[in-house]
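Thank you for making time for this at the group meeting. I would like to walk through one structure with you slowly, and I will stop now and then to ask a question before going on.

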Amino acid sequence: MPGLTAPTDYAEEPPRHPDLRINSKEPFNAEPHRSALVSSYITPVDFFYKRNHGPIPKVDDISRYSVSINGLVNKHIQLSMSDIRLLPKYNVTATLQCAGNKRTAMSKVRKVRGVGWDVSALGNATWGGAKLSDVLELVGIPKLSSVTTLGGKHVEFVSVDKCKEEKGGPYKASIPLKQATDPDADVLLAYEMNGEIINRDHGYPLRVVVPGVIGARSVKWLDSISIIKEECQGFFMQKDYKMFPPTVDWDNIDWSTRRPQMDFPVQSAICTLEDVDVIKEGKARIAGYAVSGGGRGIERVDISVDGGKTWVEAHRYQKSSVPYISDGAQSDKWAWVLFEATLDVPANAEIVAKAVDSAANIQPEKVEDIWNLRGILNTSWHRIKIQNSVCVAQSKM
């Protein structure tokens, strides 16, 4: 694409915050420490997880950059950044989450393949840009369309990003046309993140943001948009990010038997404590995040200090000045909810968190029940094992 190139090596990577936990250097994949993650409702750009499949594309000349819209439409166009900025701008606060979040915990049950994420492969940002529904009207696709006059039913996003999984070709993904043309779905072509021009790590100069859906569908460094008849046939739609039962392994997997994962299930994690931690017996603040896909709110977060025998409901919040109501008009429906509870923690406690969304979906208790060979969607109860400081000190004597 003129104006935007994909490097073939990692020599010109952008600077990153030194406190990030690096899970792989080439390609660069990193997440913040869990305690830093929930220090604010809006995740600072520096501490927003970085998920990449190759070297970071760079802009050579922004004036030459454009996005093409083609495929099963009567009108094909090229849009410059100036064209996109002329469209109405919307700000949408949405949480993006990698499907592999909490993969490390799943791998402890049985080994899985993929980047070893802790609990911080997600972040909550305010994205600014044009709605995809407005952009598609420029090529004659009305809002709330399910099919174009030429038979297009899906919208494919193609990146400048080149990756080995596509045999050196571009990263790509798709969503249904019905979702893309629905203004209430809030799908954006975003050029701002938290009120600033989006940076290279997160897709400069233009990326897709698909709220409520696993991060793999929010394509960065956008090159083109194609209206297609069937869903995208790219690697990450057809041979990755699909949910298989625990009985499937690499010897008997048939990728064609499962649909690409879209919405992410209800999820939560405790971020003020490590999975094995040492604290004094007594009162302790237990805090973290909860989030669900598809625009579903968080109805409840339950905390247990006895391994799940008894439960206490945590306080939920988003913006400090507005009481959080699940699916409330003033709540950010695409965003996570932070929670906290101060509880008496007994000696050698097992602290557990689980969330319930507005559709009454609840996290599964055991990771064994949802184990899958790619280690995606580990939404099992988050468990923290406490070793009290007095006991630890005595054991060292």
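**Strands, cores and cavities**

Let me begin with strand β22, residues 350-357, which is joined to β23 by four bridges, the two strands running antiparallel. Please keep in mind throughout that what you see is a predicted model. To give you one place to look in this pairing, Glu-350 has Lys-385 as its bridge partner in β23.

On its other pairing, β23, which covers residues 382-388, is joined by four bridges to β16, and here the strands run parallel. Within that pairing you can find Val-278 with its bridge partner Gln-387, and you can also find Ile-279 standing opposite Asn-388.

Which side chains of β23 point to the buried face? They are His-382, Ile-384, Ile-386 and Asn-388, whereas Arg-383, Lys-385 and Gln-387 point to the other face and are not buried, so that the side chains alternate along the strand.

If we now step back to the sheet, we see an open one of five strands in the order β16-β23-β22-β18-β19, and its pairing is mixed. The edge strands are β16, at 276-279, and β19, at 312-313, each of which pairs on one side only.

Let me stay in this part of the chain for a moment and turn to Ala-284, which has its place in strand β17, residues 282-291. Is Ala-284 buried or exposed? Because its relative accessibility is 11%, and the cut-off for buried is under 20%, Ala-284 counts as buried. Apart from neighbours within four places in sequence, Ala-284 is in contact with Ile-279, Ala-341, Thr-342, Leu-343 and Val-345. By contrast, the C-alpha atoms of Ala-284 and Ser-159 are separated by 46 Å, these residues being 125 apart along the chain.

Next comes another strand, β8, which spans residues 122-131 and is mostly covered, with nine of its 10 residues buried. Strand β7, residues 89-97, pairs with β8 in the antiparallel sense over nine bridges, and there Thr-95 stands opposite Asn-124. β8 also pairs with β11, residues 188-193, again in the antiparallel sense, over five bridges, and in that pairing Ala-130 has Leu-189 as its bridge partner.

As background, nonpolar side chains in soluble globular proteins tend to be buried together. In this model the largest nonpolar core has 61 residues, and among those with the most contacts inside it are Leu-132, Val-155 and Phe-157. Val-155, leaving aside neighbours within four places in sequence, is in contact with residues including Leu-132, Ala-173, Ile-175 and Ile-225. A second, separate core has 24 residues, including Val-266, Ile-286, Ile-351 and Ile-384.

Finally, how many cavities of 30 Å³ or more does a search of the whole structure find? The search finds two, and the largest has a volume of about 280 Å³. It is lined by 21 residues, of which Arg-51, Arg-207, Gly-215, Ser-218 and Lys-220 are the closest to its centre, and the lining has 10 nonpolar, six polar and five charged residues. The second largest cavity holds about 60 Å³ of space, and its lining includes Gln-97, Phe-264, Pro-265 and Leu-377. That second lining divides into five nonpolar and five polar residues, with no charged ones.

Key:
Residues numbered from 1 in each chain as written. Predicted model: local features only at pLDDT ≥ 70, side-chain atom pairs only at ≥ 80, totals over all residues. Heavy atoms only, no water. Buried < 20%, exposed > 50% of the residue type's maximum accessible area, 1.4 Å probe, protein only. Pairing = 2+ DSSP bridges. 1 Å grid on protein atoms, 1.4 Å probe; cavity = no way out; pocket = protein on both sides within 12 Å on 5 of 7 lines; lining within 4 Å. Points joined across faces, edges and corners; volume = space filled by probe spheres on them. Nonpolar A, V, L, I, M, F, W, Y, C, P; charged D, E, K, R; others polar. Core = buried A, V, L, I, M, F, W, Y, C linked by side-chain atoms within 4.5 Å. Contact = heavy atoms within 4.5 Å.
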